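Me: I would be grateful for a close look at one part of this model, namely its charged side chains and the contacts they make. Please then place that part in the context of the whole chain.

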Amino acid sequence: MTMTSKIEAIFWSIALPGFAQILNGKYAKGFLFVILEFIVNVNSNFNLAIMASFLGDMERAFQVVNFQWLMFYPCLYMFAMWDAFKDAEGEASPYSFFPFVFGAYFITVGLMYSPKFKINGVSLGPVFLPMLSLVPGLIIGFIIWSILNRINKNKKAKSP
């Protein structure tokens, strides 16, 4: 069985959580992620919110979205990505989960602040603010990953 590359795994996971796991032969896990994504997506009305957001109707996006369900989405989505990345071919370095974890944290916080956060009186809505919140989450996660890798390398270099 050929494993996907880490890049391919990430891109398939962005398309739909569970696809990379299915490609890697982890069928039960892959189908579980697809089913969970479908359940959360439908119950949160996320596709309706995405459509309204891309059409510039943030008021409609806030009206249709169910935050109780959508709050599950960032962690599910980022965990499925991490799992696909970890299982893909090539070694996953220690602490490489940090960008995924911090991405999930920051997206969740962005989602919580989306009803209140405005730039020059303009709301980014329940889709775009969480998406933009991913960037600082990834940056902080990569910084922590890098620092911990350096500490780990220094410990290994000093030990006999």
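Reply: Lys 29 and Asp 87 form a salt bridge, with their closest N and O atoms 3.2 Å apart. Because Lys 29 belongs to helix α3 and Asp 87 to helix α7, this pair ties together parts that are 58 residues apart in sequence. The model is a predicted one, and the distances given here are computed from its atoms.

Lys 29 also forms a salt bridge with Asp 83, where the closest N and O atoms are 3.0 Å apart. This second pair likewise links distant parts of the chain: Lys 29 sits in helix α3, which covers residues 27-44, and Asp 83 sits in helix α7, 54 residues apart.

The partners differ in their exposure to solvent probe. Lys 29 has a relative accessible area of 27% and is therefore partly exposed, since the partly exposed class lies between 20% and 50%. Asp 83, at 3% relative accessibility, counts as buried. Asp 87 is buried as well, because its relative accessible area of 15% is under the 20% cut-off.

Asp 83 has a further partner within its own helix. Its side chain meets that of Lys 86 in a salt bridge, at 3.4 Å from N to O. Asp 83 and Lys 86 are 3 residues apart in helix α7, so about one helical turn separates them. Lys 86 is partly exposed, with a relative accessible area of 35%. Through shared partners, salt bridges join Lys 26, Lys 29, Asp 83, Lys 86 and Asp 87 into one network.

For the structure as a whole, a search finds 5 salt bridges. The chain carries 12 positive and 8 negative side chains, and the centres of these two sets lie 13 Å apart.

Helix α7, which holds Asp 83, also takes part in the packing of helix α8. The buried residues of α8 pack against α7 (73-87), and also against α1 (6-15), α6 (67-70) and α9 (125-158). Those buried residues of α8 are Phe 98, Pro 99, Phe 100, Phe 102, Gly 103, Ala 104, Ile 107, Thr 108, Gly 110 and Leu 111. The length of α8 can be checked as well: at 1.5 Å a residue, its 16 residues (98-113) should span 22 Å, and its end C-alpha atoms are 22 Å apart, which agrees.

These elements belong to a chain whose secondary structure comes to 9 helices and 2 strands. Along the sequence the pattern is α-α-α-α-α-α-α-α-β-β-α. The C-alpha trace spans about 60 × 40 × 20 Å along its principal axes. Of the 160 residues, 39% count as buried. Among contacts with a separation of 6 or more, 65% are accounted for by residues 24 or more positions apart. The chain exposes about 9600 Å², of which carbon and sulfur atoms supply 70%.

Definitions and conventions: Residues numbered from 1 in each chain as written. Predicted model: local features only at pLDDT ≥ 70, side-chain atom pairs only at ≥ 80, totals over all residues. Heavy atoms only, no water. Helix = DSSP H or I, 4+ residues; strand = E, 2+ residues; numbered from the N terminus. Expected span 1.5 Å × (residues − 1). Buried < 20%, exposed > 50% of the residue type's maximum accessible area, 1.4 Å probe, protein only. Contact = heavy atoms within 4.5 Å. Areas by Shrake-Rupley, 256 points an atom, 1.4 Å probe, with all protein chains shown as cover. Lys, Arg positive; Asp, Glu negative; His and termini not counted. Charge placed at Lys NZ, Arg CZ, Asp CG, Glu CD. Salt bridge = Lys/Arg side-chain N within 4 Å of Asp/Glu carboxyl O.
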